[in-house]
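Below is a short colleague's note on the structure, set out as numbered points. Please read it with the coordinates open.

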Amino acid sequence: MRTTPLAVPAVAALLLLTACGATGGDGDGDGKRENTACSMETVSMEVGPASVAPAAGDTGEVPVSFTNQSGTCTVEGFPEVELTGDGDSASAEVPPAEGARAQKLTLAKGDSASFTLTYERGTRGDGAFDAENLRVELSGSQVFRWTYGPVASDGEGGHRISVSAYQQAGD
């Protein structure tokens, strides 16, 4: 009876596993690496300039833009943002805008994307959320000062603010 040395199957299995890793594990064999999620470590982010709601009942828009500073990355779904109040003790999640459709964007180094917060200004003490900061989550978080006034209550425990889907910026 003939026996195969144990090292031959082990080396073959190792080569097979290595080959899978070269394609990002998707098995398509095209040699391309799988994209990774964009993160705060790989993008530069900016808030504004905003179209500020000047008085209670008015609507304002706050754009948030970011540029990929690293290798190709993706954003998918809706931006995760929340407003925080005094000392971060209170917070208000920002839901997607009604009718908005999420999309997946692939950003090469130097590509930009954006999203917009739309809010209604409220009156302090009338159920409005007196926000101090805007927290943006993107595989890590970044906090920006909220200087656009209190956000009106929707009368149902939430607030009149929403976020658009990610949009490709530029050409």
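1. Start with one residue of this predicted model. Leaving aside neighbours within four places in sequence, Thr84 is in contact with Ala90, Ser91, Phe129, Ala131, Glu132, Asn133 and Arg135. Thr84 belongs to strand S5, residues 80-84. Its relative accessibility is 1%, and Thr84 therefore counts as buried, the cut-off being under 20%.

2. How much of S5 is buried? Four of its five residues are, so the strand is largely enclosed by the rest of the structure. S5 has pairing partners in S9 and S6. Five bridges connect S5 with S9, and the two run antiparallel; within this pairing Val81 stands opposite Val136 of S9. With S6 the sense is again antiparallel, over three bridges, and there Glu82 faces Glu93 of S6.

3. These strands belong to an open sheet of four, ordered S6-S5-S9-S10, with antiparallel pairing. Strand S6 (91-93) and strand S10 (141-145) are at the edges; each has a single partner strand, so one side of each lacks a neighbour in the sheet. From one strand to the next, the twist averages 25°. The pairing of S9 (residues 133-137) with S10 is antiparallel and comprises five bridges. In that pairing, Glu137 is placed opposite Ser141 of S10.

4. Which strands make up the open sheet of three? The order is S1-S4-S7, and the pairing is mixed. Strand S1 (36-37) and strand S7 (105-107) are the edge strands, each paired on one side only. Strand S4, residues 73-75, pairs with S7 in the antiparallel sense through three bridges. Val75 has Leu105 as its bridge partner in S7.

5. The loop between strand S3 (59-68) and S4 contains Gly71. Gly71 is partly exposed, with a relative accessible area of 42%. Although Gly71 and Lys109 are 38 residues apart along the chain, their C-alpha atoms are separated by 5.3 Å.

6. How many disulfides does a search of the whole structure find? The search returns one. A disulfide is a covalent bond between the sulfur atoms of two cysteines. Here the pair is Cys38 and Cys73, with sulfur atoms 2.0 Å apart. The torsion about the S-S bond of Cys38 and Cys73 is about 85°, so the disulfide is right-handed. The pair links distant parts of the chain, 35 residues apart: Cys38 lies in the loop between S1 and strand S2 (43-47), and Cys73 in strand S4. Are these two cysteines buried or exposed? Both Cys38 and Cys73 are buried.

7. On the overall layout, the protein has one helix and twelve strands. Read along the sequence, the pattern is α-β-β-β-β-β-β-β-β-β-β-β-β. Of the contacts with a separation of 6 or more, 73% are between residues 24 or more positions apart. Buried residues account for 30% of the 171 residues. The accessible surface of the protein is about 10300 Å², and carbon and sulfur atoms contribute 48% of it.

8. Confidence needs a separate remark. The mean pLDDT of the protein is 81, and 78% of the residues score at least 70. Which elements have the lowest and the highest mean pLDDT? Helix H1, residues 7-22, has the lowest at 33, and strand S11, residues 161-163, the highest at 97. Over residues 1-33 the pLDDT is below 50, and beyond near neighbours in sequence this stretch has twelve contacts in the model. Where pLDDT is low, the predicted coordinates should not be read in detail.

9. To recap the points on pairing and linkage: S5 is joined to S9 by five bridges, and S9 is joined to S10 by five bridges as well. In the sheet of three strands, S4 and S7 share three bridges. Cys73, which is in strand S4, forms the disulfide with Cys38.

Technical notes
Residues are numbered from 1 along each chain as its sequence is written. This is a predicted model: local features need pLDDT of at least 70, side-chain atom pairs count only at pLDDT 80 or more; totals for chains, interfaces and linings use all residues. Side-chain values use heavy atoms; hydrogens and water are left out. Two strands pair if DSSP finds at least two bridges between them. Axes are lines fitted to C-alpha atoms, for helices over the stretch in contact, and angles run from 0 to 180 degrees between N-to-C directions. pLDDT is the predictor's confidence in each residue, from 0 to 100. Contact means heavy atoms within 4.5 Å. Buried means under 20% relative accessible area, exposed over 50%, partly exposed in between (1.4 Å probe, protein chains only). Accessible areas come from the Shrake-Rupley method with a 1.4 Å probe; for residues, only the protein chains shown count as cover. A disulfide is a pair of cysteine sulfur atoms within 2.5 Å.
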